[in-house]
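Colleague: Before I use this model, I would like to go through the labels attached to it. Please take them one at a time.

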Amino acid sequence: MRKVRAIGWLAIAVLVLVFVLVAYGVRRPDIALSATQHDFGDIEQGQVAVTEITVSNMGTGDLKIESVSTSCGCTSARVEPTVIPPGGEGKLIIRYDSGVHPDSGRIRRYISIATNDPDEPEVQVIVTANVQAPAP
């Protein structure tokens with residue numbers, strides 16, 4: 001009977017050890033952006049403005065960019081590369097075409113980045129500008 005109990009306790013100890021090793025050995029990505037907002041300032045209607053924001057992986061596993069979407073067709077964005085290793089960096093490249101819409105004034109557009117980061121599966125960047133009507 002003692003032998004059976006000893007084997008039972010040993011099995012439980014081994015299982016606990018396995019769970020601890022798995023929990024601490026999990027490789028998790030962690031996204032970080034150099035900025036979550038960018039203001040293009042005053043731009044003339046019809047002008048195209050471009051900026052880059054650094055995307056970093058502060059985690060221990062590969063950061064995978066699953067998708068990048070924008071709130072308006074006048075704005076496009078992409079992340080290069082789409083897989084960022086631990087400690088690595090990539091670039092979020094944002095392009096705003098103020099000529100797509102005929103209106104002028106203050107604009108605000110949103111970029112959403114979906115990733116495999118378990119703590120932040122989606123992050124958002126806001127871009128703004130003051131679109132001015134072209135000079136006559």
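The exchange below goes through the labels and the values behind them.

Modeller: Keep in mind that this is a predicted model. The protein has one helix and nine strands, and the helix comes before the strands when the elements are read from the N terminus.

Colleague: Why is S112 called buried?

Modeller: Its relative accessible area is 13%. Buried means under 20%, so S112 qualifies.

Colleague: Where does S112 lie, and what is it in contact with?

Modeller: S112 is part of strand β8, residues 105-115. Leaving aside neighbours within four places in sequence, its contacts are S67, V68, S69, E122, V123 and Q124. One of these, S69, is also its bridge partner.

Colleague: What makes β4 and β8 a pair?

Modeller: Two strands pair if there are at least two bridges between them. β4 and β8 have five, in the antiparallel sense, so they count as paired.

Colleague: And what makes β4 and β6 a pair?

Modeller: Two bridges join β4, residues 63-70, to β6, residues 83-84. The requirement is at least two, so this pair qualifies as well. The two strands run antiparallel, and K64 has V83 as its bridge partner in β6.

Colleague: Why is the pairing in the sheet called mixed?

Modeller: The open sheet has five strands in the order β2-β9-β8-β4-β6. β2 and β9 (residues 122-132) run parallel and are joined by six bridges, whereas β4 and β8 pair in the antiparallel sense. In the parallel pair, H38 has V127 as its bridge partner in β9.

Colleague: What makes β2 and β6 edge strands?

Modeller: Each of them pairs on one side only. β2 covers residues 37-44.

Colleague: How do you know that C72 and C74 are not joined by a disulfide?

Modeller: A disulfide is a covalent bond between the sulfur atoms of two cysteines. The sulfur of C72 is 3.1 Å from the closest cysteine sulfur, which is in C74. The cut-off is 2.5 Å, so the two are too far apart for a bond. Seen from C74, the closest cysteine sulfur is that of C72. The count of disulfides by this rule is zero.

Colleague: Are these two cysteines buried or exposed?

Modeller: C72 has a relative accessible area of 16%, and C74 has 2%. Both values are under 20%, so both cysteines count as buried.

Colleague: What makes up the largest nonpolar core?

Modeller: That core has 24 residues, and L92, I94 and I111 have the most contacts inside it. β2, β3 (48-57), β4, β5 (75-80), β7 (89-97), β8 and β9 each supply at least two of its residues. β9 gives the most, with five. In soluble globular proteins, nonpolar side chains tend to be buried together.

Colleague: Which residues is I111 in contact with?

Modeller: Beyond its neighbours within four places in sequence, the contacts of I111 include L92 and I94. Others among them are V68, A77, V123, V125 and V127.

Colleague: What values describe the protein as a whole?

Modeller: Of its 136 residues, 34% count as buried. The accessible surface is about 8,500 Å², and carbon and sulfur atoms hold 56% of this area. Among contacts with a separation of 6 or more, 66% are between residues 24 or more positions apart.

Technical notes:
Residues numbered from 1 in each chain as written. Predicted model: local features only at pLDDT ≥ 70, side-chain atom pairs only at ≥ 80, totals over all residues. Heavy atoms only, no water. Helix = DSSP H or I, 4+ residues; strand = E, 2+ residues; numbered from the N terminus. Buried < 20%, exposed > 50% of the residue type's maximum accessible area, 1.4 Å probe, protein only. Contact = heavy atoms within 4.5 Å. Areas by Shrake-Rupley, 256 points an atom, 1.4 Å probe, with all protein chains shown as cover. Core = buried A, V, L, I, M, F, W, Y, C linked by side-chain atoms within 4.5 Å.
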